[in-house]
Amino acid sequence: MIERESPVTEDELHAFIDGQLPAERSAAVEAWLASHPEDAARVAAWRAQADAIRLRFGETANEAVPERLKVDTLLRSGRKWRAIAAAVAAFAFLVGGVSGWMARGTTEVAAAAGDPADQIAQEALSAHKLYIAEVRHPIEVGAAEAHLMPWLSRRLGTNLRIPDFSHFDLKLLGGRLLPGPSGTAALFMFENGNGDRVTFYCSKAGPQQMAFRYLQSDNVAAIRWVESGYTFVVSGNADKARLKELARAAYEQLENRAPPPTNRSSAEPARKGT
Amino acid sequence: MSSFRHDVEGTVPALRRYARALTRDTELADDLVQDTLVRALRSEHLFHGGDIRSWLFTILTNLNRNRLRSLARRPLTASLDDNDAPDSAGPEAGGRDIERALELLVDDQKQALLLVVLEGLSYREVADVQGVPIGTVMSRLARARAQIKSYLDGERPALRRVK
């Protein structure tokens, strides 16, 4: 390891072999390695790893690109592709449904017994995990379809509203109907240009009102709250700060009122422009 | 062909290489690349300049993460089995040791290492792809390298048990 007063940091050792060290530091690092054989050995080992990785996988980039990965092919076969994708997605839905259901027993044992809102949140998180993996068929009805909201509103028995997450660069893809632990549920999916997905889930449960609560399962997490007899759940990557902002934005928009009071406002300053 | 499409096409070999190293499965890797391209071509209007390569790597990384989540994969089960004895021909025999070593890494570390050493992305670009601060990239890289080194040095569970 590097001594405390070291003028050379571990990060610089990495940057040295990755060719990302500022030129003016290379002499210092080289001198350091000359007088610290343990670090020199470590750096040599890292370099050998990098060589082995490039040797093992580098050749892939020189292979002829298969026809199906050519841009022209993809553009030309767009229409046919969508038909195939629908069939593939239908199959994946069956498989995913079964494995998702089986996974529930193992990964979500922590489901809070008794509290229906938490059961709904667990269900929302399962649905989130299942459907974000769908590349071409993540939703049942697209956002552009006029009947999306009337249909889901009718099935849930309320006048549904969807939060606008455009401040977060998230665009609504559409929604789907799902069976929930206490009745019908609706799931809406949002996506940014990087393929990062967030879902908004809504189901009828309990007359009481409940504050935000955070749940996490592996790398995904959800925030749920209850308002006017409906449980709402926002799920996404396990990034608590961002999820809080999303949940707060959804809450404020849906209730069409001022930010929720005190105990929650300590978390983050309100996002500008919302 | 527009310059956007041209640039996307030019990145395909690198995307295949990265996907192959991530998944170690040719078909699966090309599926990921295809999904990435379909999405990118569909989202051309969402691309507001910048580095197309980083953007495509970001999409591929996210798609792979979604895929792994849906599998609810248990990462270490396959690779610590009895057949993990060191190859007599030496650590780099056929590249299999480096493959096994990569397999032991958690996904975020593996991505960071591959993006740096295989794809030559800058630490800054990797931070953007992974959506984390640069310091997180550095610690992922450091942990990945330390873990591979101890694996290749023979500190394997199977060997430890023998001692």
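In this predicted model, Gly142(A) faces Gly174(A), a residue of β2(A). Here strands (E, at least two residues) and helices (H or I, at least four) are DSSP runs numbered from the N terminus. The facing glycines belong to a neatly described pairing: β1(A) and β2(A) (residues 171-180) run antiparallel over two bridges, where pairing requires that DSSP find at least two bridges between the strands. Residues are counted from 1 along each chain as its sequence is written, and chains are lettered from A, with ligands numbered from 1, in the order in which they are written. Local features need pLDDT of at least 70 and side-chain atom pairs count only at pLDDT 80 or more, while totals for chains, interfaces and linings use all residues.

The wider setting is an open, antiparallel sheet of seven strands in chain A, ordered β1-β2-β3-β4-β7-β6-β5. Its edges are β1 (141-142) and β5 (210-217) of chain A, each pairing on one side only.

Two helices of chain A lie across strands of chain A. Helix α7 (residues 148-156) lies across β1, β2, β3 and β4, at about 25° to β2(A). Helix α6 (residues 116-132) lies across β2, β3, β4, β5, β6 and β7, at about 140° to β6(A). Such angles run from 0 to 180 degrees between N-to-C directions, with axes fitted to C-alpha atoms, for helices over the stretch in contact (C-beta atoms, placed from the backbone, within 7 Å).

As for confidence, the model scores ipTM 0.81 and pTM 0.54. Chain B averages a pLDDT (the predictor's confidence in each residue, from 0 to 100) of 80, and 78% of its residues score at least 70.
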